[in-house]
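These are my notebook entries on one structure. They record what I looked up, in the order in which I looked it up.

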Amino acid sequence: MTSRVPSYAPETVLVDAGRPDRRDGASVNPPIELSSTFVGSGEIDHSDYVYGRFSTPAWTPFEEALAELEHAELPGLVFGSGLAAIAAALSLVPRDGTLIMPRHCYQGSLESAGELAERSGFTLTTVDIADTAAVVNALDDVAAASAMLWIESPTNPMLEVADTPALISAARDRGILTVVDNTFATPLLQTPLDLGADVVVHSVTKYLAGHSDVVLGAAVTSSEDLHKRLHSERSLRGAIAGPFEVWLALRGLRTLSVRMERAQANAALIAERLSSHPSVVETRYPGLPGDPGHERAAAQLSGFGAVVAFCTQTAQQATAVAEAVRVWTPATSLGGVESLIERRRRNASEPESVPDGLLRLSVGIEHADDLWNDLDAALRTAHSP
């Protein structure tokens, strides 16, 4: 693959990238490649089609499309799950090194990092990723050659916004590897490799695939060395994706722009109304002018995303809201076309700093008034005497 210099808007790339070569009679869409092994007798390169655990043309269209969206100079790497991609990125932390990670971020990232730290002996340090000075102080306290900074912004589920350009710059100045989980923002809202990040990871399950019907992950980088190491981790651990799932993900990716546009508009309306609702203690959404992360998000992102969080007074009230909705679906995960609601602390491993009554909303593409009326009715039912 040649250097990826974006020449089209991302909305066009989403539709155009990863298509077969144009010729008379050719398919417009890539086929589903179902072969597990490929013909060959020469020396093997890690990017050759040799065996389905190493690489396969079933993955190539999606991997090339994601690389183009993230402005990577090398193909992306698709994994069997978002957590598999995260685990591969975490494998880059040296055995005796230090991982600096947000105290609030994807639950699987925190759990995986904690378990890996115990096994491999590296130090896990959690920080308030929105506190730039605190993060920089943590960077100054580690040996540069053996450290990694993990950035998630906005964070899951508290929606804190990091000063991502400043943190990546600080890490690079100190020779510290930087990984950015771009699941919430997607390449439509930010492209961290352009800021100097070393690796970007995604739970493809969420917004990229967008229909709650596949479990996939991905990592992208412009570093030859890191690409080989991530590829090796995927191949040796067998964290591979099925051909049909990747084909579905590419099909879902085509509509990311229109899905995100509608979902963000819905999220902005829902957040604004929640912020003045008498039964709501606090609303978190970077698009709200009064949100702590609003100014940063407005400066750094191309949009505010489609995840909203709000707090009721008690866990019981939050559970009652989730049980009373009819248009919203009470379920974990996010990023699909349907709107989901979940009390995050129902997960025993969620950090105690996440409020008991916090509900995370993944706002979908239904009619905004239907979503609001359903949520408002559920709030009133949950808070009725």
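**Entry 1: Asp356 and its partner**

I looked up Asp356 and found it partly exposed, at 41% relative accessibility. I note that the model is a predicted one. I then asked which side chain Asp356 meets in a salt bridge. The partner is Arg345, with 3.3 Å from N to O. The pair links distant parts of the chain, eleven residues apart, with both Arg345 and Asp356 in the loop between β11 (340-343) and β12 (358-362). Arg345 is also partly exposed, at 21% relative accessibility. Because partly exposed begins where buried ends, at 20%, I entered Arg345 as partly exposed on the strength of its 21%.

**Entry 2: Arg344 and the salt-bridge network**

I moved to Arg344, which forms a salt bridge with Glu350. The closest N and O atoms of Arg344 and Glu350 are 3.1 Å apart. Is Arg344 buried or exposed? I found Arg344 buried, with a relative accessible area of 3%. Glu350 is buried as well, at 5%. Both values fall under the 20% limit for a buried residue.

I next asked which residues are linked with Arg344 and Glu350 in a network of salt bridges. The network consists of Glu342, Arg344, Arg346, Glu350 and Arg360. For the whole model I recorded a count of 14 salt bridges.

**Entry 3: A salt bridge within a helix**

I looked up Arg380 and found a salt bridge to Asp376, with the closest N and O atoms 3.0 Å apart. Where do Arg380 and Asp376 lie? Both are in helix α14 (residues 368-382), four residues apart, which is about one turn of the helix. Arg380 is partly exposed, with a relative accessible area of 48%. Asp376, in contrast, counts as buried at 15%.

**Entry 4: The five-stranded sheet**

I traced the sheet that holds β11 and β12. Five strands form this open sheet, in the order β8-β9-β12-β11-β10, and their pairing is mixed. Why is one side of β8 and of β10 left without a neighbour in the sheet? β8 (282-284) and β10 (329-330) stand at the edges and each has a single partner strand, so one side of each is unpaired.

I noted that helix α13 (residues 315-324) packs on this sheet and touches β10, β11 and β12. The direction of α13 makes about 155 degrees with that of β11. For β10 and β11, I recorded parallel pairing over two bridges. Thr329 stands opposite Leu340 in β11.

**Entry 5: Strand β4 and Glu152**

I turned to strand β4 (residues 147-152), where Glu152 lies. Six of the six residues of β4 are buried. I checked the two faces of β4 separately: one carries Ala147, Leu149 and Ile151, the other Met148, Trp150 and Glu152, and all are buried.

I then looked up the partners of β4. Strand β2 (residues 98-102) pairs with β4 in the parallel sense over three bridges, and Ile100 stands opposite Leu149. Strand β5 (residues 177-181) also runs parallel to β4, joined to β4 by five bridges. In this pairing Glu152 stands opposite Asp181.

Which side chain of opposite charge is nearest to Glu152? It is that of Arg360, 8.0 Å away, and Glu152 is buried yet has no salt bridge. A salt bridge requires the N and O atoms to be within 4 Å. I therefore looked for backbone atoms at the Glu152 side chain. The backbone nitrogen of Tyr106 lies 3.0 Å from a polar atom of that side chain, and the backbone nitrogen of Asn156 lies 2.8 Å from one. Leaving out residues up to four places away in sequence, Glu152 touches Pro102, His104, Cys105, Tyr106, Ile129 and Asp181.

**Entry 6: Phe79**

I closed with Phe79, in strand β1 (residues 77-79). Phe79 is buried, at 0% relative accessibility. I recorded 5.8 Å between the C-alpha atoms of Phe79 and Leu216, which are 137 residues apart along the chain. Beyond four places in sequence, the contacts of Phe79 include Leu216, Gly217, Ala218 and Ala219, and also Leu230 and Arg234. Ala84, Ala85 and Ala88 are likewise among the residues in contact with Phe79.

Note on methods: Residues numbered from 1 in each chain as written. Predicted model: local features only at pLDDT ≥ 70, side-chain atom pairs only at ≥ 80, totals over all residues. Heavy atoms only, no water. Buried < 20%, exposed > 50% of the residue type's maximum accessible area, 1.4 Å probe, protein only. Pairing = 2+ DSSP bridges. Contact = heavy atoms within 4.5 Å. Axes fitted to C-alpha atoms, helices over the stretch in contact; angles between N-to-C directions. Lys, Arg positive; Asp, Glu negative; His and termini not counted. Polar contact = N/O pair within 3.5 Å; in protein donor to acceptor, adjacent residues only side chain to side chain.
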